[in-house]
Amino acid sequence: MCGYVGDTPQTYYCHLDDTMRRADRYERPELVNGTIDFIAPAEYMVRPPQPPVFMFLLESTYQAVASGALASAAAAIKELVEKKSFPGGERALVGVMTFDSSIHFYNLNSRLSQPQMLVVSDLEDPFLPLPDDILVPAQECEAQLSQLLTNLPEMFQQSRSNESCLSAAVKAAWMAMKHVGGKLIICASSIASVGPNALKSTKENLRLLNTDREIEMLKPTMEGFKELAADLTRVQITAEMFLTTNMYMDIASISPLARYTGGDIRYYPGFRADIHGEKLREELQHVCTRDMGWEAVMRVRVSKGWKVTNFYGHMFVRTRDLLVVPNCHEDQTFSITLEPDADVKLDPFVCVQCALLFTTSNGERRIRVHTVQLPTTGNIDEVLDTTDPEAATGLMASLACDKAMEASSKLADARNLIQNTIGQIVTSTQSHIEAVRPLPLHVLGLLKSPMFRATSDVPSDQRVYYWTRHESISLPLQAALFYPRMFAVHQLSGDEGTVDPNTERVVLPHCIALSAENMTGDGIYLQEDGESILMWIGKAVSPQLLHSLFNIPSLDQLALEMGENCLARDSPDDTCQRVMSIIDQLRLDRAPPMMQLILVPQGSQYEVRFFSNLIEDKTIGMQMSYQEFLHRIGGSNQPRGTSQTPGIAPQAMMPSGPQMSGLQGGAPMPPPPGGMYGSEQPKSAQMPTMPPMGQMPLAPPSIGNHVPNGPPRMTQSPMGQPPMGQPPMGQPPMGQPPMGQPPTGQPPMGQPPMGQPSMGQSSMGQPSRGQPPMGQPPMGPPRSTYR
């Protein structure tokens, strides 16, 4: 792989068989497996192996107490303690800290009758009030931990503090953990408003959404949290963040705590314990119990003549090929890009090797090596025939995020990078359009996703959360974000919704294309995007089906706030059981995260999110269907087949208004001012009332006007009339060409402006992120995968 020639140890010699290969090759795992673990010798240890360490840093402000976030987190941790679920058995260490405008430590010594609270109010120079007994053995001090976690919600029940000293609290936790390292689990509900690195909620300006200045809210206010993350990484501490909030938190500024330490962010906007408590419990406990490796470093090597040009994921890049991941785990994904060196004759194969040095939860130091060999070619036809559309779309998303964060760049530049790249691919591959046909569909989903959707209904915190989440989630979860799955569950046939004895999996219905043309008003549809499951319920659903699923006579009696609890699990009809089995299987396929079920009756204000995921139709933020998009970027306009005979969608259920066209018999929409996307002019400060990510607010106001029995309109103009200053439906704005034709003086999409070079030739030799390494891991510790 590297071209180095070394002496073979005498003990490694072996005779060859009649095929001229080693006779003992199947007895040596390193010769036949692409993934293998080695026990690390003593020279790979600078200290005794680290034990599993979990420090829980819980916010105790009025906001956290009132929403139930503190009680939900404490109950989840208490369950872990009492069930002895922490990995490592007797070696596991656990600590608890709380914070509001001051920092609270807890003495958990097993000889105490009850835990002792110690308060530190000096935020500029925090200190440890006692040297020991902040981190204690989980099993030895089970009684003290259980008592503290039981009493925490009551201890702060009368708290009226609304100030959060997040940065100082993290610094204090660092002081308590730096001698051993471990996992720091942060549960925060308020913006960090006091102490070092204090942030201001005035940064959020709703008037900037969907304007050229929106990018200002998506960039960090300061570098303080990034510097704090570097301090955590040096002592092998990973930060996992659970943001349970009803307010702006400036995730752009605090996200480096997770991004540069190998952690993740989980975001619960509009948090209410009765609605989101179960999701928080499931995900917090999963973070603490999954397969993990501790104090890990990773090195990536490639064949001679190639070089690694970039890394994507949550890690700290120490040198050109050395990554620091204080806590690696089975849910992590890393991406790399490769390029050949200039003026070097390439071999027909390129090898990529990833070596991960880590400590298991049982205290064993190991080296896990992934090796994969990929063919190289100079034939563009072979490249296109083997393109992985999901991996390619994920890489485009990463490049676009980097573009948006450049100085003087804006979101429009990132969108243009995406559409210009896909335009060049499609226009240069007309003879292989079928091979790359799925790629434009996924790219269209990327442009219509919350990551890059050009609308004012995506708050800055939510957009940054999706950017951060995309960096480390697995390829299937990325694909679900760009192209969700949709199923019809009102007419289950055969064995759908039952367990297949051969595969031991629930048989799922056939997926249907993401278009309202495949929906009917008397149907019920499930849509999952890897984050949550939406259940759309048509108003014409039969009363028998409503009774079987929800035990109600009419849709008006459906209690939306109860979510999944509305389902009649004890119904004598097996319809409900089959639907629940499908939901459970979808959760198993996507876990983590724990996908919450959100009910979306036809005509409700929560339809906006459901219909915005129907990416093959015209949606808010991008006035272009899949066929129009394919035509515009230079592909053929041949209709795309669906996996189900399209149903006749009633006009009542179709997106309406200038932002969405009718699905049956409606006139085509004119292109929006400014091109493919909606106008990026300053908007009114009033936000659409659809809560972020489909969550339910405490008292949601109405969203504009409603079409009878249809989803909410996203315009304030009278029904059937275009907004002031816009032409009638079906006509382009004055001075603009019809859809599909470039403005005068501009080249067609996918071609660079005159005098400018084409997009850079990116390397086509990187390993497909959809292809696992050769072989399977022989042991059970965490899988740190790369794409």
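Is G394 buried or exposed? In this predicted model, G394 is buried, because its relative accessible area is 0%, and a residue counts as buried under 20%. G394 lies in helix α11, which covers residues 389–404. A distant part of the sequence comes close to this glycine in the fold. Q478 is 84 residues away along the chain, yet the two C-alpha atoms are 6.8 Å apart.

Helix α11 has 16 residues. From its first C-alpha to its last it reaches 22 Å, close to the 22 Å expected at 1.5 Å a residue. G394 is one of several buried positions in this helix. The buried residues of α11 also include A391, T393, L395, M396 and A397. Further along the helix, S398, A400, C401 and A404 are buried as well. Both strands and helices contribute to the cover over these residues. Among the covering strands are β11 (306–312) and β14 (333–340). The covering helices include α12 (411–427), α14 (438–448), α15 (460–472) and α16 (475–482).

The chain as a whole was then examined. It comprises 787 residues, of which 56% count as buried. Its secondary structure consists of 20 helices and 23 strands. Contacts were considered between residues at least 6 apart in sequence; 75% of them join residues at least 24 apart. The accessible surface of the chain comes to about 33300 Å². Carbon and sulfur atoms account for 52% of that surface.

The largest nonpolar core contains 128 residues. Within this core, I186, M451, F452, M535 and F550 touch the most other members. Helix α5 (residues 166–177) gives the most to the core, with 10 residues. I186 has contacts well beyond its sequence neighbours. With neighbours within four places set aside, I186 is in contact with L57, L166, V170 and L257. The residues A239, E240, M241 and F242 also contact I186. A second core is separate and has 37 residues, including V81, L145, L148 and L284.

L284 also belongs to helix α9, where it is among the buried residues. Helix α9 runs over residues 273–289 and has 17 residues. At 1.5 Å a residue, α9 should span 24 Å; its end C-alpha atoms are 22 Å apart, which agrees. Its buried residues include I275, H276, G277, K279 and L280. Towards the other end of the helix, E283, Q285, V287 and C288 are buried too.

Two of the sheets are described here. One is an open sheet of 6 strands with antiparallel pairing, in the order β1-β16-β15-β10-β13-β12. Its edge strands are β1 (35–39) and β12 (316–317), and each pairs on one side only. Strand β1 is joined by 5 bridges to β16 (residues 365–375), and these two strands run antiparallel. Across this pair, F38 stands opposite I367 in β16.

The other open sheet has 4 strands in the order β17-β20-β21-β22, and its pairing is mixed. The edges are formed by β17 (485–488) and β22 (596–601), each pairing on one side only. Neighbouring strands of this sheet are turned by 20 degrees against each other on average, direction ignored.

Strand β20 (residues 524–528) pairs with both β17 and β21. The β17–β20 pairing is antiparallel and spans 4 bridges. There, A488 stands opposite Y525 in β20. On the other flank, 5 bridges join β20 to β21 (residues 532–537), again in the antiparallel sense. L526 has M535 as its bridge partner in β21, and M535 is one of the residues that touch the most other members of the largest nonpolar core. E528 stands opposite I533 in β21. The two strands β20 and β21 form a hairpin with 3 residues between them. In the turn, G530 has a positive phi of about 85 degrees.

How many residues of β20 are buried? The count is 5 of 5, so β20 is largely enclosed by the rest of the structure. Burial applies to both sides of the strand. I524, L526 and E528 point one way, while Y525 and Q527 point the other way.

Conventions: Residues numbered from 1 in each chain as written. Predicted model: local features only at pLDDT ≥ 70, side-chain atom pairs only at ≥ 80, totals over all residues. Heavy atoms only, no water. Expected span 1.5 Å × (residues − 1). Buried < 20%, exposed > 50% of the residue type's maximum accessible area, 1.4 Å probe, protein only. Core = buried A, V, L, I, M, F, W, Y, C linked by side-chain atoms within 4.5 Å. Contact = heavy atoms within 4.5 Å. Pairing = 2+ DSSP bridges. Areas by Shrake-Rupley, 256 points an atom, 1.4 Å probe, with all protein chains shown as cover. Axes fitted to C-alpha atoms, helices over the stretch in contact; angles between N-to-C directions.
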